[in-house]
Every structure is written in C-alpha cells, then in structure tokens.
Amino acid sequence: MSVKIRLQRHGKKQKPFYWVVAADARSKRDGKYLEKIGTYNPNTNPATIELNLDSAVKWLHNGAQPTDTAKAILSYKGALLKHHLDGGVRKGALTQEQADAKLAAWLEAKAGKVDAKKQGLSKAQADAKAKALKAEQEVNAKRIADAAQAEADAIAAATPAAEEEVAAEAEEAPAAEENNETTEA
C-alpha cells in the first residue's frame, strides 16, 4: 500500500478549505484517509496553514509521497527541512541539538518573513483607505463649493431682477399719480 500526503477539499463553492491528510493512494480524493495532518485555507492573505509537524515528518519517514501542492505546503512549514535534518542525524553528520537549532533558526526567519508580508499588506490597505478618504474629501469640498457658487449665482440673478421690479414699480407709481391728477382736474 503506497501512502500519499495530499489535500482533501472541504468548504463551499468558490471558498475552498483543505485538510492535509495521509491517505492510501487508491482512495478517493475526499474519501477515506489514514490521518489528518493539518489544514490549509487559501482564502486568506497570506494563506493560513496549520500543520502537525511531527506527524507530517513521521509519515515522510515511513515513505509517504507528498503531491506537488502538499510538498509546497510541507516545505513552507518546514516539515521537509526537518525530515532532511533527521536524515543527517541518522547518518551521524550532525547531532540532534544541531538539527533542532537549525530548524528553530529557519522557522524564526520564516515567521519574520510572514510577519513582514502581513505588515506590508496591512500598510498597503491603510494607504489605500487614506487615499480614498482624501479623494472623497476633495470631491465633497468641490461639491460644497459648487453648491455655494450656484446659490450665490441664484441670489445675484434674483437681486437684479428684484431691483428692476422695484425700479419699474417706482416708474409706474409717478405715472399713475400723473394719471390720477389728470383725471381729477
């Protein structure tokens, strides 16, 4: 029986969520498995991966072959490096303490890279939000200025018309008085 470390799809349409499992190569993709090793959620940025490192290395020691995507996940989380270092310990090339120190240093460096990416993404998102807010404020200021200008134009347009009406009424009033005087005389 050959064992594969592969992904088992879960989740709903357009929202995949995967279990990383050790399964018999002959079983269906989402069928029976031997052990659940971890999870992989590609919907987040960066992708969320939870992996039982010891269990994954145990299966690699027993000869399980990872699929391409599972191999990338195992490499990302350091399972392949630990498997490689354990081989060096078995051959006597290095001690277990040296292997553990190398793995810890690699995991720390990897965590720093992931944190830097998360900070870069959050900074980019904050910059985009600030830029959108500034653009919205400019649009609002322009709209308010246009409304004030339109109101001033309406007042200016109404003022000469009102002055003309007052002037016309003033001209009509003396003419009406003259008409009254002529009719009285």
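These legends describe four close-up views of a predicted model.

**View 1. Thr39 and its contacts in strand 3.** Thr39 lies in strand 3, which spans residues 35-41. Its relative accessibility is 14%, so Thr39 counts as buried, the cut-off being under 20%. Setting aside neighbours within four places in sequence, Thr39 touches Phe17, Tyr18, Trp19 and Val20. Thr48, Ile49 and Glu50 are also among its contacts.

**View 2. The salt bridge of Arg29 and Asp30.** The side chains of Arg29 and Asp30 pair here, with an N to O distance of 2.7 Å. Is Asp30 buried, exposed or partly exposed? With a relative accessible area of 40%, Asp30 is partly exposed. The model holds five salt bridges in total.

**View 3. A salt bridge from helix 1 to helix 3.** Asp54 pairs with Lys82, and their closest N and O atoms are 2.8 Å apart. This salt bridge joins distant parts of the chain, 28 residues apart. Asp54 belongs to helix 1 (residues 53-61), Lys82 to helix 3 (residues 79-91). Lys82 has 17% relative accessibility, so this lysine counts as buried.

**View 4. A salt bridge within helix 4.** Asp146 and Lys142 form this pair, with 3.4 Å between the closest N and O atoms. Both residues sit in helix 4 (residues 96-184). They are four residues apart, so about one helical turn separates them. Asp146 is partly exposed, at a relative accessible area of 43%. Lys142 has a relative accessible area of 54% and is exposed, because that value is over 50%.

Methods
Residues numbered from 1 in each chain as written. Predicted model: local features only at pLDDT ≥ 70, side-chain atom pairs only at ≥ 80, totals over all residues. Heavy atoms only, no water. Helix = DSSP H or I, 4+ residues; strand = E, 2+ residues; numbered from the N terminus. Buried < 20%, exposed > 50% of the residue type's maximum accessible area, 1.4 Å probe, protein only. Contact = heavy atoms within 4.5 Å. Salt bridge = Lys/Arg side-chain N within 4 Å of Asp/Glu carboxyl O.
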